[in-house]
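User: Please take a close look at one part of this structure for me, and then follow the chain on to another part that deserves the same care.

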Amino acid sequence: MATNILGISAYYHDSAAVLLADGEIIAAAQEERFTRKKHDPSFPSNAVRYVLDEGGMEMDDLCAISFYDKPYLKFERLLETYHEFAPKGLKSFLSAMPVWIKEKLFMRKLLNVELEKIGMGKPPRILFPEHHLSHAASAFFPSPFDEAAIVTIDGVGEWATTTIGHGQANLITILRQLDFPHSLGLLYSAFTYYCGFKVNSGEYKLMGLAPYGNPNTERFKKWKEIITNELTDLREDGSFLLNMDFFNYATGLTMCPEDKWEKLFGIPMRKPESELSQPYMDIALAIQQVTEEVVLRIAETAKQLAQSRYLVLAGGVALNCVSNGKLLEKGLFEDIWIQPASGDAGGALGAAYTAWHIWRNKERTVSGMDSMKGAYLGPGFGADDIRKVARKYDAPQKEYQDFDQLCTDTARLLEQGNVIGWFQGRMEYGPRALGNRSILGDPRNPEMQRKLNLKIKYREGFRPFAPSVMEEDIAEYFKLNNSTPYMLFVAPVREERRNPLPDGYDQGGLYERLYFQRSDIPAITHVDYSARIQSVNKSTNEKYWKLINAFKTRTGYGVLVNTSFNVRGEPIVCTPSEAYTCFMRTEMDYLVMGRFCFEKSRQPEWNEKSRWQEEYDLD
Amino acid sequence: MESIKEIWGYLRERKKYWLLPIILTMLLFGGLIFLTSGSAIAPFIYTLF
């Protein structure tokens with residue numbers, strides 16, 4: 001009997017597909033990377049085709065397809081919520097029901113139709129594990145622990161918004177659950193909305209904005225109190241109730257009633273793309289600190305209930321790496337592992353694992369390493385594919401026979417202040433670029449942060465950049481001893497590397513503070529001296545490690561600036577052609593793809609008929 | 001038919017029989033009204049449904 005399972009997440013946000021063969025992850029990818037539409041929620045036809053191709057399989061080779069949530073249970077939640085709030089929510093009810101009556105209530109049929117359209121044979125049986133079980137499975141089964149406490153926190157699945165569980169061998173037991181509408185993810189999203197960022201994509205901007213907040217002001221203290229006293233009823237065990245008088249999302253078409261919030265906080269809702277003033281930074285800090293407090297309490301309860309030395313995390317809130325860093329620093333657990341694709345894309349992986357370990361009751365072996373293969377699970381391209389792109393665009397390039405020499409030369413270019421697109425191997429699964437689809441720079445360069453934000457990424461100037469550091473050198477730069485291969489923990493830059501802040505720094509404007517040189521690696525040191533770290537392991541990503549090592553040989557610094565290979569609003573590049581296009585559209589200086597190096601000044605003039613900036617919606 | 005069986009199975013499993021008239025009414029009337037429009041991707045600021 002076939003032992004291969006296809007996992008799918010779709011129809012909400014971040015559709016994805018994953019292929020498991022005998023419990024091993026063969027391939028995983030988000031649909032957005034193929035359709036070039038960020039957070040694409042449509043059925044992941046391209047991703048399914050890709051993962052099956054990568055495994056050399058057709059539908060006949062699968063024993064099951066596993067979808068990442070239970071549609072009927074979600075429908076139950078919708079009906080009961082509308083019933084509870086009636087007659088409020090009629091408009092929302094009328095816009096939600098058509099899609100359910102027409103398609104989502106018949107999810108099995110819908111999936112079968114879509115799968116048959118792919119043309120790779122007749123799909124096998126489809127399973128529907130619960131949304132938070134899928135998250136829990138994506139956190140525990142690929143983790144390096146034989147047993148662990150499991151915490152999943154997101155906006156909402158069917159009913160659950162937060163669960164605490166225990167994983168042991170090939171079993172997961174859910175021990176406690178917090179239900180909709182009381183949701184930490186949606187609380188954070190409501191503030192994202194109020195601060196003028198896009199819900200479900202701008203949450204990480206709010207997190208990046210928080211360090212600009214001033215915790216010493218009366219305003220900040222008052223707002224934090226409002227969040228904990230008026231908006232929420234927070235309990236010792238981390239559970240909480242939201243005061244639904246202040247939230248619209250259960251039945252409305254917005255996150256919160258603006259008039260009530262404006263009265264509560266005394267500032268108007270920020271218009272998207274407008275200037276960021278200090279009050280929004282303070283409010284961002286207030287909700288960030290409350291989030292950290294809630295996550296910490298939930299983790300304490302998880303430790304008590306599961307009696308475990310280890311913790312695994314998943315769900316959208318697990319991408320809040322500042323909160324993760326605080327949790328790690330607290331030392332509640334000996335080690336913490338977080339699923340790199342913690343959002344809904346990761347649900348596809350969890351659904352597949354649930355089918356394998358729970359439905360098929362297959363044993364799980366733990367090797368001491370996680371099973372994510374560095375999250376390099378997407379499409380890879382060879383020298384011929386790159387040559388084709390070079391031919392198509394008539395693009396001069398230099399081919400290296402010796403990869404070490406390529407690294408030495410690239411390190412020199414980085415040292416000279418150049419920004420380099422770095423495209424190698426298989427694409428990452430999850431929201432982070434981890435050195436295979438990355439834009440790189442010199443972290444010591446005082447101009448690098450500004451250059452990357454404004455001339456390469458075309459995004460808001462306040463946003464910080466992350467460092468990639470050789471795993472063995474983490475402690476030299478940061479107050480962190482654990483490895484963090486998926487860029488999921490924030491930790492402080494070591495004190496001896498910091499520059500003292502000038503008098504009146506806290507009173508300065510956003511950009512005044514931002515452009516002050518806070519350390520000897522200013523491009524990756526955020527305004528509160530923190531950094532979102534990726535540690536690079538030689539055996540997991542040897543090519544990237546070699547490049548950083550070459551940079552260290554030249555400069556003494558085993559650390560680079562790493563940002564995702566895309567512009568604002570664009571999904572991370574997948575193919576060599578997309579990488580070349582992105583390289584030519586921006587002020588990137590060099591592009592290194594495989595063993596080929598493209599120098600911008602030698603490329604033919606780049607002409608596009610349409611305005612490419614309008615291709616992507618702002619995120 | 002398979003979907004109807006599945007919905008009935010779900011209602012029995014969850015003991016949510018009170019949802020049955022709502023679902024039936026929606027399928028009968030809603031189906032007529034809405035079958036011509038909509039897609040599986042919900043038009044909402046935060047896709048809760």
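Analyst: Right after helix α2 of chain A comes A:Gly56, with a positive phi near 65°. This is a predicted model, where local features need pLDDT of at least 70 and side-chain atom pairs count only at pLDDT 80 or more, while totals for chains, interfaces and linings use all residues. Residues are numbered from 1 along each chain as its sequence is written, chains are lettered from A and ligands numbered from 1 in the order written, and side-chain values use heavy atoms, leaving out hydrogens and water. Helices (H or I, at least four residues) and strands (E, at least two) are DSSP runs, numbered from the N terminus.

Helix α2(A) spans residues 45–55, and its buried residues are A:Ser45, A:Ala47, A:Val48, A:Tyr50, A:Val51 and A:Leu52. Buried means under 20% relative accessible area, exposed over 50%, and partly exposed in between, with a 1.4 Å probe and protein chains only. Among the elements covering these residues are β1, β2, β3 and β4, together with α1 and α5, of chain A.

Now for strand β7(A), residues 160–168: eight of its nine residues are buried, so the strand is largely enclosed by the rest of the structure. Strand β6(A) pairs with β7(A) in the antiparallel sense over seven bridges; pairing requires that DSSP finds at least two bridges between two strands. Six residues separate these strands in their hairpin, and A:Ala148 has A:Gly167 as its bridge partner. Strand β8(A), residues 171–179, also runs antiparallel to β7(A), joined by eight bridges. Here A:Gln168 stands opposite A:Leu171. The β7(A)–β8(A) hairpin has two residues between the strands, and A:Ala169 takes a positive phi near 50°.

Definitions and conventions
Contact means heavy atoms within 4.5 Å.
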